[in-house]
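Me: Please show me the sequence and the structure, and then take my questions on it.

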Amino acid sequence: MENDRTTTAPSRLRAGFVGAGFMAEVHSRAARAAGAEIAGIASSNPASAARAKDRLGVERAYASAQDLVQDDKIDVIHVCTPNATHVALAEAALNAGKHVVCEKPLATNVQDAAHLVELAATAGTVATVPFVYRFHPMVREARERIASGQTGRISTIQGSYLQDWLLSRDDDNWRVDAGIGGPSRAFADIGSHLCDLIEFVTGDRISRVGALSRTLFTGRANHKNVQTEDLVAAVFATETGTVGNLLVSQVAPGRKNRLMIEISGSESTVQFDQEAPETLWLGKRTGSQLLVRDPAALSPDAARLSVLPGGHPQGYQDAFNAFVADTYAAISGDIREGLPTFRDGLRAAILTERIIGSSNSGQWIDVPGVKQLEGVQQ
Ligand SMILES: NC(=O)c1ccc[n+]([C@@H]2O[C@H](COP(=O)([O-])OP(=O)(O)OC[C@H]3O[C@@H](n4cnc5c(N)ncnc54)[C@H](O)[C@@H]3O)[C@@H](O)[C@H]2O)c1
């Protein structure tokens with residue numbers, strides 16, 4: 001069977017990238033795979049942009065992000081910079097009439113994220129946030145099994161996102177600095193992906209949280225007085241009355257990027273682990289099985305994202321490529337299932353604020369939906 005994505009005519013979009021680190025590499029690979037012209041890059045200074053131009057094979061280095069977003073020849077801006085810079089950069093790009101892909105967290109507080117949602121609506125351009133784990137075929141398979149009732153009535157949700165790259169006091173990064181990364185670190189950085197995935201797969205919404213967080217090191221190699229959290233544990237309830245728990249940590253030895261969700265219903269359990277993204281564990285009272293990705297046996301949305309045949313493993317970059325391809329498809333008017341937009345970025349900001357609020361106050365806290373929040377602001 002022909003695949004939608006591989007038969008899509010190459011996009012002629014001209015893409016510009018702000019930032020020249022890990023994400024600029026991943027985004028530019030994905031943009032190239034989607035057929036865009038890798039047209040421009042700006043970074044923290046002209047020298048960094050010039051180095052990235054050569055390293056990533058970009059047509060032109062710009063002296064500043066302003067110069068890049070003001071260039072009429074650029075159609076879409078990818079914001080791949082530290083968190084606290086996202087709002088001003090996304091705002092400048094939207095005001096210049098560009099389509100925008102802005103990294104998560106969309107903003108470091110709810111007000112700024114809501115402002116960007118409004119700006120994007122006014123601009124009328126496509127504005128997306130890379131919650132890319134949605135784009136693993138086996139995530140779509142889990143989602144379809146829940147939506148079609150094959151898992152039965154959902155009773156519990158368990159999720160964790162564990163890493164170890166900040167395990168020791170010597171480990172350091174701009175993310176630990178609240179002024180650059182935002183007041184929440186572990187949760188905003190990776191808990192946001194976890195909650196997005198849980199809500200995307202279940203179609204349910206977290207409505208009440210009770211959380212605890214810990215900062216293991218208040219000083220790191222280059223930062224004194226670190227306030228941002230290393231880990232968060234939370235219990236939650238959803239709008240439909242399901243209960244669940246979350247564990248998010250950047251100090252869990254041996255765990256590199258272990259995002260796991262496990263959802264149990266009256267008929268079966270589905271478990272997805274992004275470090276083994278080619279499989280889905282289906283737990284049953286009798287006869288549990290490990291479902292291996294095979295496009296011929298998957299639901300249509302999961303099969304659509306299977307760009308390779310079974311037995312030819314897909315991973316993180318493929319999920320990212322699919323996200324960027326779907327963003328570019330939306331720019332040409334083809335809105336595909338499951339595209340995460342700035343509204344999803346706002347949703348993550350709301351959840352992050354409430355989780356940290358609960359941890360700070362020791363209280364259970366209600367989590368409003370995006371619509372409720374918009375209602376309050378009007
Ligand atoms: N969606 C995902 O799966 C995923 C994964 C990793 C990181 N991220 C997000 O991507 C963003 C970037 O993370 P990273 O890991 O690439 O960081 P990084 O440190 O590797 O790169 C950041 C880049 O931004 C540049 N920069 C800093 N301030 C700037 C400014 N004001 N203007 C222009 N450029 C500036 C730096 O010079 C650097 O090149 C973060 O917001 C992070 O949360 C998302």
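The questions below deal with the ligand, an aromatic pair and the backbone.

This is a predicted model, in which local features need pLDDT of at least 70, side-chain atom pairs count only at pLDDT 80 or more, and totals for chains, interfaces and linings use all residues. Residues are numbered from 1 along each chain as its sequence is written, and side-chain values use heavy atoms, with hydrogens and water left out.

Me: Which residues come nearest to the ligand?
Reply: A residue is near a molecule if one of its heavy atoms lies within 4 Å of it. There are 23 residues around the ligand, divided into 10 nonpolar, nine polar and four charged (Ala, Val, Leu, Ile, Met, Phe, Trp, Tyr, Cys and Pro count as nonpolar, Asp, Glu, Lys and Arg as charged, the others, Gly among them, as polar). Those that come nearest are M23, S44, N83, K104 and Y316.

Me: Which residue has a side-chain N or O atom 3.0 Å from an oxygen atom of the ligand?
Reply: A polar contact is a pair of N or O atoms within 3.5 Å. Polar backbone atoms of A20 and F22 lie 2.9 Å and 3.0 Å from a ligand oxygen. The side chain in question belongs to R175.

Me: How are the rings of F135 and F323 arranged?
Reply: Rings of Phe, Tyr and Trp (its six-membered ring) pair if their centres lie within 6.5 Å; planes under 30 degrees apart count as stacked, over 60 as edge-to-face and the rest as tilted. For F135 and F323 the centres are 5.8 Å apart, with 70° between the planes, so the pair is edge-to-face.

Me: Where is the cis peptide bond that has an omega of about -10°?
Reply: One of its residues, P105, lies in the loop between β5 (99–102) and α6 (110–123); helices (H or I, at least four residues) and strands (E, at least two) are DSSP runs, numbered from the N terminus. The bond joins K104 and P105.

Me: What is the phi of N225?
Reply: N225 sits in the loop between β8 (206–214) and β9 (231–238). N225 is not a glycine, yet its phi is positive, at about 55°.

Note on methods:
A polar contact is a pair of N or O atoms within 3.5 Å; within protein, one must be able to donate a hydrogen and the other to accept it, and residues adjacent in sequence count only if both atoms are side-chain atoms.
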